Amino acid sequence: MSSPLALRAEALQLRFGSTQILRQVDLEVRPGDLYGLLGRNGAGKTTTLRALLGFLPSFGGRCEVFGVPSRKLHQLPLPIGVALDPPGLDDTLTVRQNLEIARIRGGIRGGRDVDEVLDLVGLVHRQHNRGGKLSHGQGRRAAVARALLGDPRLLVMDEPLSGLDPEGVEDLLDLFRRLAAEQGVTVVLSSHHLREVQEVCTRVGVLEDGRTVLEGETTELLARAGEGLELRCAQVEQALAILVAWPPVRDAAPLGAGRISARLDPGADLVPLLAKLAAAGVGLEEFHRKRASLVDLFRRAVHQGEEA
Amino acid sequence: MSGFLRALRGELYALFHRRSLRIGLVLVVLGVLLRMMLARLAAGVIPGGGAEAAANYWPRFAQAAGFGLGLAELATLVLVGAALPREIASAAVRDPMTRGISRVGFVLARGLTALLCPFVLGGAAVLTAALGCAVLYDGGHVVSAPFVMNQQPEAEAAFHDWLAEEGLRPDQLAAWLYMVEEDGLEGAAAAAALGLPAFELPDDYYSFIPILVFLEDEVADGIHAALAQALAPLTALALFAFLLSMLLPTGALASGLATMLVVLFSVFLAPEMGAGASWFFADWLPGIGHDSALKLAERVAEGYTDSVPPDPEVLAAGARATWIQAGLYFAAATALFPRKKL
């Protein structure tokens, strides 16, 4: 029998009052994945994570953590670490006390202790500050520290990089990478730092307007995306029509501010395209070939989601 | 260790490490001390008198403890009412749910911890009142001043000198006289029964002996019984605030509404409702309840003979109703929490 998925959302739907927050979220996170959950503000990332972790009492569809329904998460036999947004620190207790209380609640004896996680996230010097006195980034670090306590087999992080300085981002990503590679810890992180996610995440999912619009292995998605082309001009609609009609272009989408992104067949010759654009009177301000990145994938997926 | 026990340990850790409980404790203790000082200044008495109610330990203790318990009740409404909405808003409440603790386990642990609040604060109030009054006042029987036809200051001074020589207090003499005159005991036997040294009372001094109103043991038993009766309403109070904290979105709203409901009931509704008020737990709160047993015990200790104790059946019914309410509040809170979005 195959081991259950670390996280699974199937046809997840959720409505708050008259607002449909999640329409159709399908996610699969396998054990050992370093999974990046992406989406614009309001796409439903945090709500999806809240539903997956059983923080929302009612929703449509199915949510499981290691095969256990999220509504019964307390029955999960494996320790997990969670750092959602907001960080969820008790403002009346110090950072150290927040970690101590989490250790007590989790019955944590082995694994990383309070001192170790404080050191890992660089908060030793702030350990006696109350939760309410921390900066945004320090609050994030404290939440991550709490999630790392003990020996969690699954880490769920909601925008853990938000508010961190560049060094902090590097350190944290390096930590996640090591945990996944060396200890087989499953890490799920939602983020707007697409370049960093591309660098570390083995698998990504993109949400748009409460729907999953893209999910898969990062390397596979990037390979499938092929090469790209990005241009900027004043006549967007005209340029878009030429691009779509030109056979080597697989698809093209406007990015806003006069910019267009297109996917190309590998090795496509761009000279005929330049000639066509010039003949049509399209004044190019920028025109360059590029390898597809997660940013491109994200933009396309979001654009397609918008159209859907 | 079960999720509930881990949750309970966590809640206890948080309760005793948060500043809010410590601030509450300081405020209650300071409040009690201030109340005792004001009572001292108002009475303008010196310690060791014992003959007047104003200088007697028991009424002053009941008064200070009642005041402190009132502060503890208000602090409980604020602290318990505000805690959970604040933790839900900051998302701090999510952490226990990710550590193998069920929502029911968490709410049971939180509810039990909430119960500690009135008892820790109330216990501090009673202890402060007991220690403070022990320093400031002597205990004694409750007496009223004797009716003296002709004022004889010299003779009265001689009477007090004699009391000092014999190591007696006026209230002890009042109890002795009561046993001699009303119970028909011999003087020596009455003195022995009261644990007093043997003495011969000169006839001239009889007119200066105060009149016994209540024996010290009766008063002390009444106060202790009143404190014991506070168990049920204080429990219900904490769980009432806990339930409101579950129902309302912000801590300010929950603690504000809880305080307003309890105070409005005690000040305005209960006096008009008469016996009907006794069905609601707030009527029996020792500090701010309209039918507080402690207030009644204080009046008895003050020497008010018109203080009528409540009908035991009403008292028992009120206690039953209070326990039932406490149980309902707890059950409702336990049922509501699993339905909350966190």
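# Close-up views of a predicted two-chain model

**View 1. Counting the cavities.** By the rule used here, the count of cavities of 30 Å³ or more comes to 2. Keep in mind while looking around that this is a predicted model. Why can empty space be found this way? Rolling a probe the size of a water molecule over the atoms shows where such space is left.

**View 2. The largest cavity.** Here we're looking at about 80 Å³ of space. Which residues line the largest cavity? From chain A come Phe55(A), Val82(A), Ala83(A), Leu84(A), Pro86(A), Pro87(A), Gly88(A) and Arg146(A). From chain B, the lining takes in Ala91(B), Arg94(B), Asp95(B) and Thr98(B). Two elements give two or more residues to this lining: strand 6 of chain A and helix 4 (94–97) of chain B. Sorted by class, the lining of the largest cavity has 7 nonpolar, 2 polar and 3 charged residues.

**View 3. The second largest cavity.** This one holds about 70 Å³ of space. Its chain A lining is made of Gly88(A), Asp90(A), Leu93(A), Asn98(A), Ile101(A), Arg105(A) and Arg146(A). Chain B adds Arg18(B), Glu87(B), Ala92(B) and Asp95(B). Helix 2 of chain A provides the largest share of the lining, 3 residues. By class, you'll find 3 nonpolar, 2 polar and 6 charged residues around the second largest cavity.

**View 4. Where chain A meets chain B.** The contact takes 30 residues from chain A and 30 residues from chain B. Between the two chains, about 2,700 Å² of area is buried, and carbon and sulfur atoms give 56% of that. Which three residues supply more of the area that chain A buries than any other three? They're Phe55(A), Ile104(A) and Arg105(A), and together they supply 28% of it. Phe55(A) also turns up in the lining of the largest cavity, while Arg105(A) helps line the second largest.

**View 5. Polar and charged links across the interface.** Zooming in on the interface of chain A and chain B, the rule finds 10 residue pairs in polar contact, with both residues at pLDDT 80 or more. On the chain A side, strand 6 (80–83), helix 2 (95–106) and helix 4 (136–148) each supply at least two of the residues touching chain B. Helix 2 of chain A gives the most, with 7 residues. The side of chain A that touches chain B breaks down into 16 nonpolar, 7 polar and 7 charged residues. There are also 3 salt bridges between chain A and chain B. In one salt bridge, the side chain of Arg105(A) meets that of Glu11(B), at 2.9 Å from N to O.

**View 6. A salt bridge within chain A.** Over all chains, a search of the whole structure turns up 33 salt bridges. One that stays within chain A pairs Asp33(A) with Arg203(A), their closest N and O atoms being 3.7 Å apart. This pair links distant parts of the chain, 170 residues apart. Asp33(A) sits in the loop between strand 2 (19–29) and strand 3 (34–39) of chain A, and Arg203(A) belongs to strand 9 (residues 203–208).

**View 7. Two backbone oddities in chain A.** Most residues other than glycine have a negative phi, and most peptide bonds are trans. Asp85(A) and Pro86(A), though, are joined by a cis peptide bond, with omega about 0°. Pro86(A) lies in the loop between strand 6 and helix 2 of chain A, and it's one of the residues lining the largest cavity. Ala11(A) has a positive phi of about 50°, even though it is not a glycine. You'll find Ala11(A) in strand 1 (residues 7–16) of chain A.

Terms used. Residues numbered from 1 in each chain as written. Chains lettered and ligands numbered in written order. Heavy atoms only, no water. Contact = heavy atoms within 4.5 Å. Buried area = accessible area lost by both parts, 1.4 Å probe. Salt bridge = Lys/Arg side-chain N within 4 Å of Asp/Glu carboxyl O. Polar contact = N/O pair within 3.5 Å; in protein donor to acceptor, adjacent residues only side chain to side chain. Helix = DSSP H or I, 4+ residues; strand = E, 2+ residues; numbered from the N terminus. Nonpolar A, V, L, I, M, F, W, Y, C, P; charged D, E, K, R; others polar. 1 Å grid on protein atoms, 1.4 Å probe; cavity = no way out; pocket = protein on both sides within 12 Å on 5 of 7 lines; lining within 4 Å. Points joined across faces, edges and corners; volume = space filled by probe spheres on them.
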